[in-house]
Amino acid sequence: MEFNVGDIIKARKKHPCGEDKWEILRVGVDFKLKCVGCGHIITLNREKALKMIKEKM
Ligand SMILES: [Zn+2]
């Protein structure tokens, strides 16, 4: 799977706010993701990000 800024992805686990979709804000060595439900932003290294991503919307 290839990811680009602006893509919406579905995560394996739900965020505590109940949402499981995230918007990609940055790709590269680190991925920056924003929860579509509450706007919470997280930064993960590529390996962790790829593990949490279930599918591309
Ligand atoms: Zn959330």
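1. Secondary structure. The protein chain contains one helix and five strands. Read from the N terminus, its elements follow the order β-β-β-β-α-β. The model is a predicted one, and the points below should be read with that in mind.

2. Overall dimensions. The C-alpha trace of the protein chain spans about 25 × 20 × 20 Å along its principal axes. The radius of gyration of the protein chain is 10 Å, and a compact globule with 57 residues would have a value near 10 Å, so the two agree. Of the 57 residues, 12% count as buried. Among contacts between residues at least 6 apart in sequence, 24% join residues at least 24 apart.

3. The sheet. The five strands form an open sheet with antiparallel pairing, and their order across the sheet is E4-E3-E2-E1-E5. Strand E4 (41-45) and strand E5 (53-56) are the edge strands, each of which pairs on one side only. On average, neighbouring strands of this sheet are turned by 40° against each other, with direction ignored. The student may find it helpful to trace the strand order on the model and to compare that order with the order along the chain.

4. Strand E1 and its two partners. Strand E1 (residues 8-11) pairs with strand E2 (residues 21-26) in the antiparallel sense, over three bridges. Within this pairing, isoleucine 8 has glutamate 23 of E2 as its bridge partner. E1 also pairs with E5 in the antiparallel sense, again over three bridges. Here the bridge partner of lysine 10 is glutamate 55, in E5.

5. The hairpin of E2 and E3. Four bridges join E2 to strand E3 (residues 30-35), and the pairing is antiparallel. Two of the bridge partnerships can be named: tryptophan 22 is partnered by cysteine 35 in E3, and arginine 26 by lysine 32 in E3. The two strands form a hairpin with three residues between them, and glycine 28 in the turn has a positive phi of about 145°.

6. The hairpin of E3 and E4. E3 and E4 run antiparallel and are joined by five bridges. Phenylalanine 31 has leucine 44 of E4 as its bridge partner, while lysine 34 stands opposite isoleucine 41 in E4. These strands also form a hairpin, with five residues between them; in the turn, glycine 39 has a positive phi of about 85°.

7. The two faces of E3. Which residues of E3 lie on its covered face, and which on its uncovered one? Phe31, Leu33 and Cys35 form the covered face, whereas Asp30, Lys32 and Lys34 form the uncovered face.

8. The nonpolar core. The largest nonpolar core has seven residues: Ile9, Trp22, Phe31, Leu33, Cys35, Ala49 and Ile53. E3 gives the most to this core, with three residues. In soluble globular proteins, nonpolar side chains tend to be buried together. One member of the core, leucine 33, can serve as an example of the surroundings. Neighbours within four places in sequence being left aside, leucine 33 is in contact with Trp22, Glu23, Ile24, Leu25, Ile42, Leu44 and Ala49. Of these contacts, Trp22 and Ala49 are also listed in the core.

9. Aspartate 30. Is aspartate 30 buried or exposed? Aspartate 30, located in strand E3, is exposed, because it has 12 other C-beta atoms within 10 Å and the exposed class covers residues with 12 or fewer. Aspartate 30 and threonine 43 are 13 residues apart in sequence, and their C-alpha atoms are 6.6 Å apart in space. When neighbours within four places in sequence are left aside, the contacts of aspartate 30 are Thr43, Leu44, Asn45 and Arg46.

10. Points to retain. Strand E3 pairs with E2 over four bridges and is joined to E4 by five. E3 also has a covered face that includes Leu33 and an uncovered one that includes Asp30. Leu33 belongs to the largest nonpolar core, whereas aspartate 30 is exposed.

Conventions
Residues are numbered from 1 along each chain as its sequence is written. This is a predicted model: local features need pLDDT of at least 70, side-chain atom pairs count only at pLDDT 80 or more; totals for chains, interfaces and linings use all residues. Two strands pair if DSSP finds at least two bridges between them. A nonpolar core is a set of buried Ala, Val, Leu, Ile, Met, Phe, Trp, Tyr and Cys residues joined through C-beta atoms within 7 Å. A residue is buried if 20 or more other C-beta atoms lie within 10 Å of its own, exposed if 12 or fewer, and partly exposed in between; C-beta atoms are placed from the backbone. Two residues are in contact if their C-beta atoms, placed from the backbone, lie within 7 Å. Axes are lines fitted to C-alpha atoms, for helices over the stretch in contact, and angles run from 0 to 180 degrees between N-to-C directions. The radius of gyration is taken over C-alpha atoms; the globule rule is 2.2 Å times the number of residues to the power 0.38.
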